[in-house]
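New to this one? Here is a quick briefing to read alongside the sequence and the 3D view.

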Amino acid sequence: MNTPNPSHYLLLFRHPQNAPEPTPAEMERIFGQWMNWMKSMKARGQFVDANRLDDAGAVLRPLPGATVSDGPFVEAKEVVGGYVIVTAGSLAEAIEIGRGCPGIALGSTIVEVRPVEPLPSL
Amino acid sequence: MVRRTLAPGRFSAQVSLVNAGPPDAPAAAPASTGVANVVDHLFRRESGRLVAILAARLGAANLQLAEDVVQDALLRAMQVWPFTGVPDNPSAWLLQTARNRAFDVLRRHRTLTEKIPAVAPLIEETARDAFAAPAPQFEDEIADSQLRMMFACCHPRLAPEAQVALILKTLCGFGEREIAAAFLATEAAIVKRLVRARKQLRDARIAVDLPPAAELAPRVEAVLTALYLLFNEGYKASHGDSLLRADLCAEAIRLANLLAAHLVGNRPETHALLALLHFHASRLPARTADDGSLLVLAAQDRLRWDRRQIACGIAHLDQSAAGVRVTRWHLEAGIAACHALAPDFAHTDWPHILELYDELLTIDPSPVVALNRAITLARVRGAEAGLRALAGLPQRPLGRYHLFHATSAQLLLDAGRPAEAAAALRRALALVVLPAERQLLEARLAALTEPPGAR
């Protein structure tokens, strides 16, 4: 991943846990829309990095007694499925990129857009 | 984490449906919005191939397990590939993923497997062998598994409607929602039908295998019949999504080709069925007018018939002539060929079609064949002859069939008896189900009952 700079924004994808299971034809359509979105970000030079986050994981809580739950999302009712880092001229522009996420139109994804704070220069 | 529970007595995939990547709610998914499919039908096609290969390896008793782990692998692909890109060999990736899931299920439920010691090691062993298949055989094995699965799905112990639903689910990768839409049934009814079919497969110990030589002819016949039904579900006058219906027709032809390409299925009657399906498919683009209304054969623009389909039909008709036995598929393909090759409706070789119907009636003395024969007879010997033939048919099942009354109406009109024709049309309208057919009948009735000069 590139060094964070003022123009980098994180798009974090949250998915609800109770979505009905898509059929293969539906998966194909959804998958195609995500691929097209990723491609379009790359074509416009906005794409910096992306990763999917695995289902496995744990949540450590400070109180009481450092609770460990078997998944990061047990109480959250939604799952962080992955992230994309984009480069954009402003937060507004990054939000506009995030709006292109097909999961928003499909009503199944919450996209959190956060500016990556640059390291203080020495 | 959402997981399918493990029902006692059967293996079920451990499914974590929603906790990664982009698992978008299909309910909210709009119809295709013109976004190009990245890989055309990859998911659906792979679903059918992988379920077949896993079921062939794990046995029909584990069909549910095979379906679950394949669904799981596809979900993973949908979630991961947008981030990682499509792997070089998506099929191998999916098989590997499905295989790992199957192992997980077996491992995690060791306590359960220990309770049925006779079965558990066998399954685990089969599962291990299953994926040791060397790569060069992969494509052959897939084709072979699909064929074996086809014979299992079309086993005579299963009801015909269960057979077609099972084919769509396991070999074509259709979801319950899509099968329900194709059959005009509820999703719950289809789920139930599939559960029953899987149970019958298990209880009757039906092997996912090619039939023994002695049973081959009737078992191939069962497959042909099921594929014909599958095609008809798609070909039926328009209900629901036209893309979905075209898919059903295409799947029936794909599976029939798969059968014809294999030693056990490469028989004259298979080619006869293929010829029939191709001839029918050639008319698909011409069957509806621009406004979506149905067009009968006489009204179709023959320039819109698909010439490539007709050419395929002719090629298979040639190959079907190799045997000595004339089957119903041969005769129906022959009739379809007469229509496909006629320059226009008026110049159709009706006397030849009548001969073929006469012969078909001796093999399949069904009321529907008799009805079609009467229509042809009217073309050859006049409307009154057709009406006499209709009058001679058993009223019992045919009286409840809208096409019987619609046919009567047409012949009565041709015979110059419009009042009786209108009455017959009203009887047809009381029975018709499909909206497009209703529209057609209503238009005819309106034309009959409007005062002259109104149109």
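What follows is a short tour of some aromatic rings, one helix and one chain.

Keep in mind that this is a predicted model. Over all chains, it holds 12 aromatic pairs. We'll start with a pair in chain A, cross over to chain B, and then look at chain B by itself.

**Aromatic rings around F13(A)**

- Let's begin with F13(A) and W34(A), an edge-to-face aromatic pair with 5.1 Å from centre to centre and 85 degrees between the planes.
- F13(A) belongs to strand β1 (residues 8-16) of chain A, while W34(A) sits in helix α1 (residues 24-43) of chain A, so their pairing ties together parts that are 21 residues apart in sequence.
- Buried or exposed, what are F13(A) and W34(A)? Both of them are buried.
- F13(A) also pairs with F83(B): the ring centres are 6.2 Å apart and the planes are at 55 degrees, so this pair counts as tilted, the label for angles that are neither under 30 nor over 60 degrees.
- That second pair crosses between chains, running from strand β1 of chain A, where F13(A) lies, to helix α2 (residues 63-84) of chain B, where F83(B) lies.
- F83(B) is buried, and so is F13(A).
- Put together, F13(A), W34(A) and F83(B) join W37(A) in one aromatic cluster.

**Charges over rings**

- In chain A, K42(A) lies over the face of F47(A), 4.7 Å from the ring centre.
- In chain B, R287(B) does likewise with Y235(B), lying over the face of that ring at 4.1 Å from its centre.

**A look at α2(B)**

- How many residues of α2(B) are buried? The count is 21 of its 22 residues, so to speak a mostly covered helix.
- At 1.5 Å a residue, the 22 residues of α2(B) should span 32 Å, and the end C-alpha atoms are 30 Å apart, which agrees.
- There is a kink of about 30 degrees at M78(B), shortly before the proline P82(B).
- After α2(B) comes G85(B), with a positive phi near 85 degrees.

**Chain B as a whole**

- Its secondary structure comes to 21 helices and zero strands.
- Chain B has 455 residues, and 52% of them count as buried.
- Take the contacts in chain B with a separation of 6 or more: 65% of these are between residues 24 or more positions apart.
- The accessible surface of chain B is about 20400 Å², and carbon and sulfur atoms account for 56% of that.

Notes:
Residues are numbered from 1 along each chain as its sequence is written. Chains are lettered from A and ligands numbered from 1 in the order in which they are written. This is a predicted model: local features need pLDDT of at least 70, side-chain atom pairs count only at pLDDT 80 or more; totals for chains, interfaces and linings use all residues. Side-chain values use heavy atoms; hydrogens and water are left out. Rings of Phe, Tyr and Trp (its six-membered ring) pair if their centres lie within 6.5 Å; planes under 30 degrees apart count as stacked, over 60 as edge-to-face and the rest as tilted. Helices (H or I, at least four residues) and strands (E, at least two) are DSSP runs, numbered from the N terminus. Buried means under 20% relative accessible area, exposed over 50%, partly exposed in between (1.4 Å probe, protein chains only). A charge sits over a ring if NZ of Lys or CZ of Arg is within 6 Å of the ring centre and within 35 degrees of the ring normal. Contact means heavy atoms within 4.5 Å. Accessible areas come from the Shrake-Rupley method with a 1.4 Å probe; for residues, only the protein chains shown count as cover. The expected span of a helix is 1.5 Å times one less than its number of residues. The bend at a residue is the angle between axes fitted to the seven residues ending there and the seven starting there.
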